[in-house]
Amino acid sequence: MMATTHALAGIVVASVAALLVPDHATTALLAGAAGGLFPDLDAVVGTHRKTLHFPAYGWVVAVPAVGLAVLVTGPWSVALACFTTAAAFHALSDWAEGGVEWRGWERNTDRAVYCHLTGEWLTAKRWVRYDGAPEDLLCSAVLAGVALLVVSGLTRWLVVGLLAVGTVYTLVRRRVPGVVDRLRART
């Protein structure tokens with residue numbers, strides 16, 4: 001899924017905390033967005049959808065973090081709970097998408113996300129065919145709609161901005177690999 005979809009999902013996950021502890025709403029929402037984005041950093045620092053994606057083990061960290069936030073409610077515990085839960089949800093939701101390939105519509109691989117618990121790649125469900133597919137944008141729109149029911153102020157603009165970026169990306173997504181290939185050929 002698009003990074004914007006993952007960030008919006010993180011905001012929706014954190015919306016629960018924002019409603020329960022409004023004093024920490026901004027912290028929760030920003031931590032949720034960051035946690036939703038975090039696993040995709042493995043595209044830069046490792047193997048994408050393997051190095052920082054933990055569809056099983058992520059919950060081993062997230063559930064106790066939520067428990068800690070319930071027992072000791074403060075900005076750091078709420079942020080940790082929202083960040084880790086959004087990151088765990090991100091890794092699990094990538095299983096619903098197509099494979100890890102650059103041109104996902106070609107369906108060259110069924111590898112969705114690596115599960116460290118089983119030591120194997122989970123097979124892509126393809127409910128969302130590839131990042132930036134129309135159904136990915138639909139997920140973003142639904143998540144943004146839910147988030148807009150909860151957020152206010154600058155966070156509202158963040159949600160709208162994420163949806164706008166996701167919309168533009170969806171419009172150009174299938175052209176991106178060709179453009180990148182042409183740019184690489186020039187260097």
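Helices (H or I, at least four residues) and strands (E, at least two) are DSSP runs, numbered from the N terminus. The model is predicted: local features need pLDDT of at least 70, side-chain atom pairs count only at pLDDT 80 or more, and totals for chains, interfaces and linings use all residues. Residues are numbered from 1 along each chain as its sequence is written, and side-chain values use heavy atoms, with hydrogens and water left out.

Helix H3 spans residues 42-45 and includes Val45. Val45 is exposed, because its relative accessibility is 59% (buried means under 20% relative accessible area, exposed over 50%, partly exposed in between; 1.4 Å probe, protein chains only). Val45 also joins Phe38, Leu41 and Val44 in a nonpolar surface patch of about 390 Å². Patches are made of residues with over 30% relative accessible area and no salt bridge; nonpolar side chains (Val, Leu, Ile, Met, Phe, Trp, Tyr) are joined within 5 Å, like charges within 9 Å. A salt bridge is a side-chain nitrogen of Lys or Arg within 4 Å of a carboxyl oxygen of Asp or Glu. Areas come from the Shrake-Rupley method with a 1.4 Å probe; for residues, only the protein chains shown count as cover.

Arg49 sits in the loop between H3 and helix H4 (57-71). Its phi is positive, near 65 degrees, though Arg49 is not glycine. Arg49 is buried, at 5% relative accessibility. Arg107 lies in the loop between helix H5 (75-93) and strand S1 (111-115). Arg107 has a positive phi of about 55 degrees. Arg107 is exposed, at 55%.

Zero disulfides (pairs of cysteine sulfur atoms within 2.5 Å) were found in the whole structure. Cys115 is buried at 6%, and Cys139 is partly exposed at 28%.
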